[in-house]
Amino acid sequence: MIPMLARAGVRFLQVARGGQEVGEGYDVLADSFAPTRLIRRGAWHLGRELEQALTVPQVASGRRECSYRAKGEVLDAAIADELAAGRIAAGYRHAIGFSADEPERVERDSSYTTNAREPLYPLVEWNWDRDRCDLYLHELFSDDDDPDFWWPRSCCQFCCYQSSTNGRVALALRWRSEPQAAVTSLRLESRAMALHPGQKLFGSYSAAQFVRDYGLTDIVEHAAAGDRDGEQCWTVVEVRRVYRPASVRDPVTGKSLRGRDGRTVKDPTTKGRAWRSIRPHTVTGTRAEAVEALQQLAREYDTTVWTRSGGAPRLEIRVLPKKVREWPVTTHEFAVVPGLVAAKQRRGFDKEYDDARRREARRGGENLLPLAM
């Protein structure tokens, strides 16, 4: 498509997130009316963040947080600067490629009013669904040398939305032709599930199960061989979590209420956001050595190591109860993870965790009135 843009004289602005934090801004990778190449990656990219955070893209109803973080925030900031500089006129038309079979995304996007944008959905106006778009691209790009060319889906190789019922055959074909994409996805999932067994790449459906279901066992073996031969170390990771009470919200404004002391009022009967701390405890050269270190911790805590089928060895010191009558609640565990793991926790975690532990220790009877925290 780059030559097509150049022939038509279309300005092609390529930007990328400048770093982990929003305050690090964005980088302009290229800006040209005669582009010659696509710059595929900037200094920061989502895959590296997921790798370091030991998590996978989150599937959440009505939200694509990974997409907004990696693309939306960057584009909003760049467009705002272009408007301020007078290089984009106010009231510009912002064309979005949602297809006619994505009405929910269109409705959500049309509610955004940032940067004086006026959204335009040409595919919806033409009533083009995904099949019609595929056919158009096939007619446009297939030729005598490759008459069977069909344009592949454009997404991250580890995208959590690839595994819809209708898209699994295409995903299997892609992972078969691009095995490194499968290896990367399986690695992200295995590292995430080492810390949280519920962190499957496709929500309730794991990437590991997908490759088994679609006969991609060679991909699994390749990934496993990479873990065995490519990993220079294994890490025993300490994981602590605080499951905080939810904020009490004003029924009219929807904003969090604050007490007389200015602090947010919490409802201890309702679970809010969880905070997590990751700290490397022991780094070893082999998996066996990491498991032995975990066994030593088990003896110190007078408990046992357990391994879920196909999962990583884990040591649970304090687990989340099945029924919680009052929040906050803390958990504490250790797990074996392939590769190096960097310490990661949000500012104020230790105080939040210590306060929650004290609340758990002195909790007696039932006091379920809202409280300020």
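In this predicted model, a nonpolar patch on the surface is formed by Met1, Met4, Tyr136, Leu140 and Trp151. Together these residues present about 470 Å² of accessible area. Tyr136 belongs to helix 6, which spans residues 130-141. Tyr136 is partly exposed, because its relative accessibility is 36%.

Tyr136 also takes part in ring contacts. The whole structure contains 14 aromatic pairs. One of them joins Trp126 and Trp128. Their ring centres lie 5.2 Å apart and their planes meet at 65 degrees, so the pair is edge-to-face. Trp128 has a second partner in Tyr136, and this pair is tilted. Here the centre-to-centre distance is 5.3 Å and the angle between the planes is 50 degrees. Trp128 has a relative accessibility of 16% and therefore counts as buried. Tyr136, at 36%, is partly exposed. Elsewhere, ring pairs link Trp175, Phe202, Tyr205, Phe210 and Tyr214 into a cluster.

Charged groups are also placed over aromatic rings. Arg17 lies over the face of Trp44, at 5.4 Å from the ring centre. The charged end of Arg287 sits over the ring of Trp234, and its distance from the ring centre is 6.0 Å.

Salt bridges number 21 in the structure. Glu51 pairs with Arg187, with 2.9 Å between the closest N and O atoms. Glu51 is in helix 2 (residues 46-53) and Arg187 is in helix 8 (residues 179-195), so the bridge ties together parts 136 residues apart in sequence. Glu51 is partly exposed, at 23% relative accessibility.

A second long-range bridge joins Glu352 and Arg244, at an N to O distance of 2.7 Å. Glu352 lies in helix 12 (residues 349-362) and Arg244 in strand 5 (residues 234-247). The two residues are 108 apart, and the pair links distant parts of the chain. Both Glu352 and Arg244 are buried.

Helix 12 also holds a local bridge, between Asp355 and Arg358. The N to O distance is 2.3 Å. These two residues are three apart, about one turn of the helix. Asp355 is partly exposed at 22% relative accessibility. Arg358 is partly exposed too, with a relative accessible area of 45%.

Salt bridges can also join into a network. Arg11, Asp31, Glu82 and Arg87 are linked in this way.

Methods: Residues numbered from 1 in each chain as written. Predicted model: local features only at pLDDT ≥ 70, side-chain atom pairs only at ≥ 80, totals over all residues. Heavy atoms only, no water. Salt bridge = Lys/Arg side-chain N within 4 Å of Asp/Glu carboxyl O. Helix = DSSP H or I, 4+ residues; strand = E, 2+ residues; numbered from the N terminus. Buried < 20%, exposed > 50% of the residue type's maximum accessible area, 1.4 Å probe, protein only. Patch = residues over 30% accessible without salt bridge, like charges linked within 9 Å, V, L, I, M, F, W, Y side chains within 5 Å. Areas by Shrake-Rupley, 256 points an atom, 1.4 Å probe, with all protein chains shown as cover. Phe/Tyr/Trp six-rings, centres within 6.5 Å; stacked < 30°, edge-to-face > 60°. Lys NZ or Arg CZ within 6 Å of the ring centre and 35° of its normal.
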